[in-house]
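Reader: I am in my first year and would like to look closely at one part of this protein. Could you take me through a single aromatic residue and its surroundings, step by step?

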Amino acid sequence: MPPDWTAMQIGFRRRAVMGAAVLLAAGLSAALPGAAAAADPVATTVTVNARAGLATVPNTALGVNDAIWDAELGTTAVSDLLGAAGVQMLRYPGGSYADIYHWRDHTAPGGYVAPNTDFDTFMASVRRINAQPMIIANYGTGTAEEAADWVRYANVTKGYGAKYWTIGNENYGNGHYGSAWEADNHPDKSPRAYAEGVVAFATAMKAVDPTIKIGAVLTTPGNWPDGLVGSGDAGTWNQVVLSIAGPSIDFVDLHWYPGGGTAAEALSKTAQIDDIMYLTREQLARYAGAGAGRIKVSFTELNVGVGQNTQPGALFLADAYSSMLANGVFTVQWWNVHNGIGTVSTVAGQTDYGDFGLLSSGGCQTGGTVCEPPMNTPFAPYHALSVMKSFVRPGDQLVRAGTADPLVSAHAARRPNGDLAVLLINKDPDNARAVTLQYSGYSPAAGAPTVVSFGNGDAAPSTASTGTAGAQTIAPYSLTLLVLHPTSATTGAPGAPGQPSTGAVGASTATITWPAATAGGSPIAKYEVYRQNGAISEQLGETPGTSLQVHNLTPGTRYTVNVITRDTAGRVSWSSPPLTFTTTSPATSTCTVKFTDVNDWGNGYVGNIDITNTGAAPINGWTLTFTWPTPWQTVNGSWNGNWTQTGRDVKITNIDTNGTLPAAGGMTSTGFVGGYNGPNVLPTAFRLNGTVCTVA
């Protein structure tokens, strides 16, 4: 380890520094639990819908970053700890170091390289814990030929079978948008240059081993520089990269450091994950060309904004990993194995060292005033990862679970053997929860289930048989995992339908098609199509065939549906994988609306709405209404209309000079300044004087 662990990491972790600044500025000392007697637990109801299927857990799900500046990389002690926590994928050579690292001579000019951290040492660790590697090829200061030689050495010479290779790290941070922390020696630092580089790298690397998977770096929706269009660019980073490199890649690489001024705010950020994934897949479908559905999504760097090595970090890790895996992310990777001491504070009664690592680096602040625990002591997020190992296993299908309690998150996974795992996360630092659990599509056996729990300040998770499948008391600031068995084994059930897809999608109808299921002990009688409405399933229709047109849908609305198989004996299958689609606006209407994001700066934009009366009668006085798709979107200023926002609902009325819209083409415009602090999903449904308009 170098004398100053953090200083030697040449800006590899811009957000780590920013995170420390946030910690300092916010004074993150959370309120300590009071000395008075504990209050009665707050009553909370959790609903688990075992037939509202989400994604299936891959064998690469649980990941973490490793780095060549970490002298503990590859040691037996660390490998054993990572293996015990269930790590399935390790990323190398370490964030922004990837864009200065040359694998042949194991150097990183301008940065520190610890002894015994070369590629072979890393791969020995990967193999020792039976994980898979994710390798970052050096785009910033390397060449396609260097990357191809690395593939040759790894998979031809050594036979490592390294499958996943990302081209570069955070290459949008090369100065093109004004901030420069990522090394990039190319004279052209635009997204077009990066995309063309990805194509060249992919071509050279796959010429050596056609079986490898190539990833391209994207910006995470709702995070800088998402939404920005650089000088001379044809679009945003994601739009340009996908338009050029889409046909050459197999996955995209996202990073997420959502920040937050308080622990409560930081823990609330996981609510953004569904919309982050929705926008990512929308961008893939729109820009990446034919067959974009094959492109997978990875989150290869992730950490919380507050309490990185205390309980907020543990709660955030479990919540974020679960939500991302439920959305079909094939690997989620915590930053980092070791990272080093930062700003020290007290969070919920525990000393937090501002350390982004899973394991202690054993270092001290300058002057030795505060020191971390001994080297490799697990921090709270490490224990959360070990709980995740018990929660999700390869082949499990995550299913919908939910609660109306804003301080409790619930996740669930159905196992091939019929068991059901339920993960409860109490984000309240002061109050326990008395949880009533309700189940749809699953009947748990009687008796006390196996419960794994990890509370604030615990040295490690504990396991006991306690409570029932229907009632659990969960401690403040805790993770609680229930593993339930079914009342009886189901035999002869039909197989689940395959991945559904959409045909024609309109304003109020959609055609859904799926591959046929395999019959079980009785012939298949029909297929049933359900909408996921929170944790409740709403049946949209049924058919004996493998295609159904559903009706009475709401224009401009996102739907997630599943299909199940029912046989002639009444037995039902597991649910199909989920399908998400958004209905359109009406093809014809008496009004048309065009909504435009005119100029975006990453957390706000100038917006414009054109309103056209396409009807046969003039409009004298108008009101336009729409609803923001997310709770973190706001109207911060407006003109040429009277704008009001109530919750997520927006209403605009005319001013004196634009209240009349002549028939058959009368038009006006109104503008606003929009703000957002999460994924900016634009509205697609508008009503003019109560009439749903066509969206241009």
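Author: Two residues are said to be in contact here when they have heavy atoms within 4.5 Å. With that in mind, and remembering that this is a predicted model, whose protein chain has a mean pLDDT of 94, we can begin with Trp-165. Leaving aside its neighbours within four places in sequence, Trp-165 touches a group of residues that includes Ile-135, Trp-150, Val-151, Ala-154, Met-205, Ile-212, Ile-214 and Phe-251, and also Asn-155, Lys-213 and Gly-215. Trp-165 is also, together with Met-205 and Phe-299, among the residues with the most contacts inside the largest nonpolar core, which has 122 residues. Helix H9, covering residues 311-326, gives the most to this core, with ten residues, while a second, separate core of 20 residues includes Trp-622 and Tyr-676.

Returning to Trp-165, we find it in one aromatic cluster with Tyr-92, Tyr-101, Trp-103, Phe-119, Phe-122, Trp-150, Tyr-153 and Tyr-160. Within that list, consider Tyr-92 and Phe-122: their ring centres are 4.4 Å apart and their planes meet at 20 degrees, and because planes under 30 degrees apart count as stacked, this pair is stacked. Tyr-92 belongs to strand S3 (residues 89-92) and Phe-122 to helix H3 (residues 119-128), so the pair ties together parts that are 30 residues apart in sequence. Tyr-92 is buried, with a relative accessible area of 0%, and Phe-122 likewise counts as buried at 0% relative accessibility.

Note on methods. Residues numbered from 1 in each chain as written. Predicted model: local features only at pLDDT ≥ 70, side-chain atom pairs only at ≥ 80, totals over all residues. Heavy atoms only, no water. pLDDT = per-residue confidence, 0-100. Core = buried A, V, L, I, M, F, W, Y, C linked by side-chain atoms within 4.5 Å. Buried < 20%, exposed > 50% of the residue type's maximum accessible area, 1.4 Å probe, protein only. Helix = DSSP H or I, 4+ residues; strand = E, 2+ residues; numbered from the N terminus. Phe/Tyr/Trp six-rings, centres within 6.5 Å; stacked < 30°, edge-to-face > 60°.
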